[in-house]
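Here is a briefing on pockets and helix packing. Please look over the sequence and the structure before reading on.

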Amino acid sequence: MANLSQISDPAELDNIYIGKVVIYVEAESDANLFGVLVGPGHAERIEFKTPPEGGKGCGPAIARVKSERVTNKKVFGLIDGEAAASSHLGFEKMLACVDPTFVIDDPELDGVLFLAEHEAENILLRHTDVCHYVVKDRTLAGMNTRSADDVRALINEIVDRYFSSAVCKYTSARLHSAKVISGILDSGMFFNDSSRIGFLRLLKAKVAAAGCPWDVFRTELKSLLLLIKTHFSTMEEALKSAERKRLSDGKSALAKIQNVYGVNKYWEGHLADELAKLPYATEFRENVFSRTGL
């Protein structure tokens, strides 16, 4: 039996005595998506939940896991893959990952799983047929106004933009960990359309505002781009496209696609329902169960 003097609050006590695997995540939307992927038949064995303290980012989930695993080894975390970039060789592990999740060899991250994707939205972006949904989401009068080829081409352009901005974010995360830059860049800042020159001008301004010399940032960025180029070097174009969808800022990319085509805000639910029927759902469930001992 757990030592009650080590238990900090009712939530931790509840997690001990419900007897199931508890996985802390960053947001309620993440918990809902992961629950769909695992399937309704496993609710008695595993639960995805947000930390009771609330807060943004991966910090509260990681802190909760570290605290509760002292008394309960069935508590885990599952956070966005982008968070790994702040750890030693974290981006390299994310880049090489072929499973739905990965872990980092760091005692401070015991019990913490990382998504192979930048964030949960990338799972929808990479595995569901976003193009098909956009093409079909129109009135009878507009049935012939969207071709699959045109939609797919624009989606790829959007993904490429947020792939570039995500790499900048990964770069800043590594430099922030090394105490070279103040904070981590928001890759969603490139939501508005801009030229390559405009993109670079905004990036330089953000880097300067964060107190990092541009040549230092550029050198680190080039090192990440070289890792990515090597990773992509043996891939067919279709797999490269899937990898860009995995590593891009998925939340911003989906939001931009929705904005451009005026898609109903509830489309993520439809995409999640589609995802639950795909092989990825089984892969996700089996991987998470294996990592948590279920």
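The notes below cover two pockets and three helix contacts.

This is a predicted model. The largest pocket holds about 510 Å³ of space. The second largest pocket has a volume of about 380 Å³. Helix α7 takes part in the lining of the largest pocket and also packs against α9. Helix α2 contributes to the lining of the second largest pocket, and it meets both α12 and α5.

**Largest pocket**

- The space in this pocket is about 510 Å³. Its lining has 15 residues, and Ser164, Cys168, Arg196, Phe199 and Leu221 are the closest to the centre.
- Three helices give two or more residues each to the lining: α7 (148-177), α8 (196-209) and α9 (214-232).
- The top contributor to this lining is α7, with 6 residues.
- By class, the lining has 9 nonpolar, 3 polar and 3 charged residues.

**Second largest pocket**

- The volume here is about 380 Å³. Lining residues number 22, and Glu26, Asp80, Glu82, Glu119 and Lys251 lie nearest the centre of the pocket.
- At least two lining residues come from each of α2 (28-38), α5 (120-127) and α11 (250-261).
- The largest share belongs to α11, which supplies 3 residues.
- The class split of this lining is 4 nonpolar, 7 polar and 11 charged.

**Helix α7 against α9**

- The axes of α7 and α9 come within 9 Å and cross at roughly 120 degrees. That angle makes α7 oblique to α9.
- The crossing of α7 and α9 is right-handed.
- On the α7 side, the contact uses Phe163, Val167, Cys168, Tyr170, Thr171, Ser172, Arg174 and Leu175. On the α9 side, the partners are Val216, Phe217, Glu220, Leu221, Leu224, Leu225, Ile228 and Phe232.
- This contact divides into 12 nonpolar, 2 polar and 2 charged residues.
- Two residues of the contact, Cys168 of α7 and Leu221 of α9, are also among those closest to the centre of the largest pocket.

**Helix α2 against α12**

- Helix α12 covers residues 267-276, and its axis comes within 8 Å of the α2 axis. The two axes cross at roughly 30 degrees. Because angles under 35 degrees count as roughly parallel, α2 is roughly parallel to α12.
- The crossing of α2 and α12 is right-handed.
- Leu33, Val36 and Leu37 of α2 make the contact with Ala272, Leu275 and Ala276 of α12.
- By class, this contact has 6 nonpolar residues, with no polar and no charged ones.

**Helix α2 against α5**

- Helices α2 and α5 pack at an angle of about 45 degrees, and their axes are 9 Å apart. This angle makes α2 oblique to α5.
- From α2, the contact takes Asp30, Leu33, Phe34 and Leu37. From α5, it takes Ala120, Ile123 and Leu124.
- The contact residues divide into 6 nonpolar, no polar and 1 charged.
- Leu33 and Leu37 of α2 serve in the contact with α5 and also in the contact with α12.

Definitions and conventions: Residues numbered from 1 in each chain as written. Predicted model: local features only at pLDDT ≥ 70, side-chain atom pairs only at ≥ 80, totals over all residues. Heavy atoms only, no water. 1 Å grid on protein atoms, 1.4 Å probe; cavity = no way out; pocket = protein on both sides within 12 Å on 5 of 7 lines; lining within 4 Å. Points joined across faces, edges and corners; volume = space filled by probe spheres on them. Helix = DSSP H or I, 4+ residues; strand = E, 2+ residues; numbered from the N terminus. Nonpolar A, V, L, I, M, F, W, Y, C, P; charged D, E, K, R; others polar. Axes fitted to C-alpha atoms, helices over the stretch in contact; angles between N-to-C directions. Parallel < 35°, antiparallel > 145°, perpendicular 65-115°, else oblique. Left-handed = near helix turned anticlockwise from the far one by under 90°. Contact = heavy atoms within 4.5 Å.
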